[in-house]
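Visitor: I have not looked at this model before, and I would like to go through it slowly, one question at a time. Could we have the sequence and structure in view before we begin?

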Amino acid sequence: MAIFTIVLQSLLIVYYLFSGTAKMIGAKYWADMFEHLHLPQWFLKVTGLVQLAGAAVLIAGYWYTGLVAWAGVWLGVTMLVASLVHIRTKDPIGKTAPALFFAVLNIALILANAGQMLQPFA
């Protein structure tokens, strides 16, 4: 299970670092997406910051394994909310699926590390 966790954790770190950075710099794709979703542009930066913070906690999780599940909760909730926003705007499944996919990956990360949540600095 440890190899699965490390691989999943690493993939999520890469995704959230790229996605969070793109949002923080206001990449056109994300700016257009937030406009389509009827979200204010300032919220783009907030979302980017949330993702970068989650990635930082995932990175810290290499040393403090109990933090991995907490990062999964943080980022999983973020992606579930993103999924709901896509559903609210009646986006097709093709636009909603990535958020759902990353929500599921975060849930898998939580389940794989749930036993360590009470020992964040063990």
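Visitor: Leaving aside neighbours within four places in sequence, which residues is Ile110 in contact with?
Guide: This is a predicted model, in which local features need pLDDT of at least 70 and side-chain atom pairs count only at pLDDT 80 or more, while totals for chains, interfaces and linings use all residues. Residues are numbered from 1 along each chain as its sequence is written, and side-chain values use heavy atoms, with hydrogens and water left out. Contact means heavy atoms within 4.5 Å, and once neighbours up to four places away are set aside, the contacts of Ile110 are Ala69, Gly72 and Val73.

Visitor: Is Ile110 buried or exposed?
Guide: Ile110 is placed in helix α5, where a helix is a DSSP run of H or I with at least four residues, numbered from the N terminus. A residue is buried under 20% relative accessible area, exposed over 50% and partly exposed in between, using a 1.4 Å probe and protein chains only. Because its relative accessibility is 19%, Ile110 counts as buried.

Visitor: Which residues does Asn113 touch, not counting those up to four places away in sequence?
Guide: Asn113 lies in helix α5, which covers residues 93–113, and it counts as buried because its relative accessibility is 5%. Ala69, already named as a contact of Ile110, is one of the residues that Asn113 touches. The full list for Asn113 is Thr5, Thr65, Val68 and Ala69.

Visitor: How far apart are the C-alpha atoms of Ala103 and Thr78?
Guide: Ala103 is found in helix α5, and at 2% relative accessibility it counts as buried. Leaving aside neighbours within four places in sequence, Ala103 is in contact with Gly76, Met79 and Leu80. Although Ala103 and Thr78 are 25 residues apart along the chain, their C-alpha atoms are separated by 7.9 Å.

Visitor: What distance separates the ring centres of Tyr62 and Trp63?
Guide: Rings of Phe, Tyr and Trp (its six-membered ring) pair if their centres lie within 6.5 Å, with planes under 30 degrees apart counted as stacked, over 60 as edge-to-face and the rest as tilted, and the structure holds eight such pairs. In the pair of Tyr62 and Trp63 the planes stand at 85°, so it is edge-to-face, and the centres are apart by 6.2 Å.

Visitor: Which residues form one aromatic cluster with Phe101 and Phe102?
Guide: Phe101 and Phe102 themselves form an edge-to-face pair, 5.4 Å centre to centre with 80° between the planes. Phe101 counts as partly exposed at 48% relative accessibility, whereas Phe102 counts as buried at 14%. The cluster that holds Phe101 and Phe102 also includes Tyr15 and Tyr16.

Visitor: Which residue forms a salt bridge with Asp32?
Guide: A salt bridge is a side-chain nitrogen of Lys or Arg within 4 Å of a carboxyl oxygen of Asp or Glu, and the structure holds one. Asp32 is partly exposed, with a relative accessible area of 38%. Its partner lies four residues away in helix α2 (residues 28–36), about one turn of the helix. The closest N and O atoms are 2.8 Å apart, and the residue paired with Asp32 is Lys28.

Visitor: What is the approximate area of the nonpolar surface patch that Ile59 helps to make?
Guide: Patches are made of residues with over 30% relative accessible area and no salt bridge, like charges being joined within 9 Å and nonpolar side chains (Val, Leu, Ile, Met, Phe, Trp, Tyr) within 5 Å; accessible areas come from the Shrake-Rupley method with a 1.4 Å probe, and for residues only the protein chains shown count as cover. Ile59 lies in helix α3 (residues 42–60) and is partly exposed, with a relative accessible area of 31%. Together with Ile6, Leu17, Tyr62, Trp63 and Tyr64, Ile59 makes a patch of about 580 Å².

Visitor: What is the approximate phi of His38?
Guide: His38 is placed in the loop between α2 and α3, and at 63% relative accessibility it counts as exposed. Although His38 is not a glycine, its phi is positive, at about 65°.

How values were computed. Helices (H or I, at least four residues) and strands (E, at least two) are DSSP runs, numbered from the N terminus.
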